Amino acid sequence: MNKKRMLICTFMALASGCFGAYMGVQIKLLADNQRCENMTKNTLEFAVFKTACQAWMMPGAYMQGSSSGLWAGMVMGAFIAGLATHHKQPE
């Protein structure tokens, strides 16, 4: 594997990993906010409970969303970059 191909694959893996981490956090936050929304519908409608629930869920959402998104993004980015830079050997 030449150095240019390795650099391209590394850059694509890191870039898609960062994008995947960002998207993972956004998706996890939306899911947790929906969970807080459903939980406060069954109780008294106080804005404090909803805000407290969202504040409680946020650190976990950042950790779980960013780690899973980073991992998935890096694997997919490296795989796609490897496919894109692959040169078929003449027989």
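A residue counts as buried when its relative accessible area is under 20%, as exposed when that value is over 50%, and as partly exposed in between. With that in hand, let us walk through this predicted model. Of the 91 residues of the protein, 24% count as buried.

**Overall form**

The secondary structure is quickly told: the protein has two helices and zero strands. Helix H1 covers residues 3-41, and helix H2 covers residues 47-84. Along the principal axes, the C-alpha atoms fill a box of roughly 70 × 20 × 10 Å. The radius of gyration is 20 Å, whereas a compact globule of 91 residues would have a value near 12 Å.

How are the contacts spread along the sequence? Among those with a separation of 6 or more, 83% are between residues 24 or more positions apart. One pair with a smaller spacing is Ala52 and Cys36, which are 16 residues apart in sequence. Their C-alpha atoms lie 9.2 Å from each other in space. Ala52 belongs to helix H2 and is partly exposed, with a relative accessibility of 45%.

**The surface**

The accessible surface of the protein comes to about 7200 Å², and carbon and sulfur atoms hold 72% of that area. Which residues form a nonpolar patch on the surface? They are Phe19, Tyr22, Met23 and Ile27, and together they have about 450 Å² of accessible area. Phe19 is a good residue to look at here: it lies in helix H1, and its relative accessible area of 54% makes it exposed.

**The salt bridge**

Side chains of opposite charge can pair when their charged atoms come close. The structure holds one salt bridge. Its partners are the side chains of Asp32 and Lys28, with 3.5 Å from N to O. Where do the two residues sit relative to each other in helix H1? Asp32 and Lys28 are four residues apart there, so about one helical turn separates them. Their surroundings can be compared through the accessibility values. Asp32 is buried because its relative accessibility is 5%, while Lys28, at 24%, counts as partly exposed.

**Two polar side chains**

Ser16 and Thr85 each deserve a closer look. Ser16 is found in helix H1 and, with a relative accessibility of 19%, falls under the 20% limit, so it counts as buried. What does the side chain of Ser16 reach? Its partner is the backbone oxygen of Gly73, at 2.7 Å. Apart from neighbours within four places in sequence, Ser16 is in contact with Gly73, Met74 and Gly77.

Thr85 lies in the segment after H2. This residue is also buried, because its relative accessible area is 15%. The side chains of Thr85 and Arg5 are joined by a polar contact of 2.9 Å. Setting aside neighbours within four places in sequence, Thr85 is in contact with Arg5, Ile8 and Cys9.

The side-chain pairings described above are gathered here.

| Side chain | Partner | Distance |
|---|---|---|
| Asp32 | Lys28 side chain (salt bridge) | 3.5 Å, N to O |
| Ser16 | Gly73 backbone oxygen | 2.7 Å |
| Thr85 | Arg5 side chain (polar contact) | 2.9 Å |

Methods
Residues are numbered from 1 along each chain as its sequence is written. This is a predicted model: local features need pLDDT of at least 70, side-chain atom pairs count only at pLDDT 80 or more; totals for chains, interfaces and linings use all residues. Side-chain values use heavy atoms; hydrogens and water are left out. A salt bridge is a side-chain nitrogen of Lys or Arg within 4 Å of a carboxyl oxygen of Asp or Glu. Buried means under 20% relative accessible area, exposed over 50%, partly exposed in between (1.4 Å probe, protein chains only). A polar contact is a pair of N or O atoms within 3.5 Å; within protein, one must be able to donate a hydrogen and the other to accept it, and residues adjacent in sequence count only if both atoms are side-chain atoms. Contact means heavy atoms within 4.5 Å. The radius of gyration is taken over C-alpha atoms; the globule rule is 2.2 Å times the number of residues to the power 0.38. Accessible areas come from the Shrake-Rupley method with a 1.4 Å probe; for residues, only the protein chains shown count as cover. Patches are made of residues with over 30% relative accessible area and no salt bridge: like charges are joined within 9 Å, nonpolar side chains (Val, Leu, Ile, Met, Phe, Trp, Tyr) within 5 Å.
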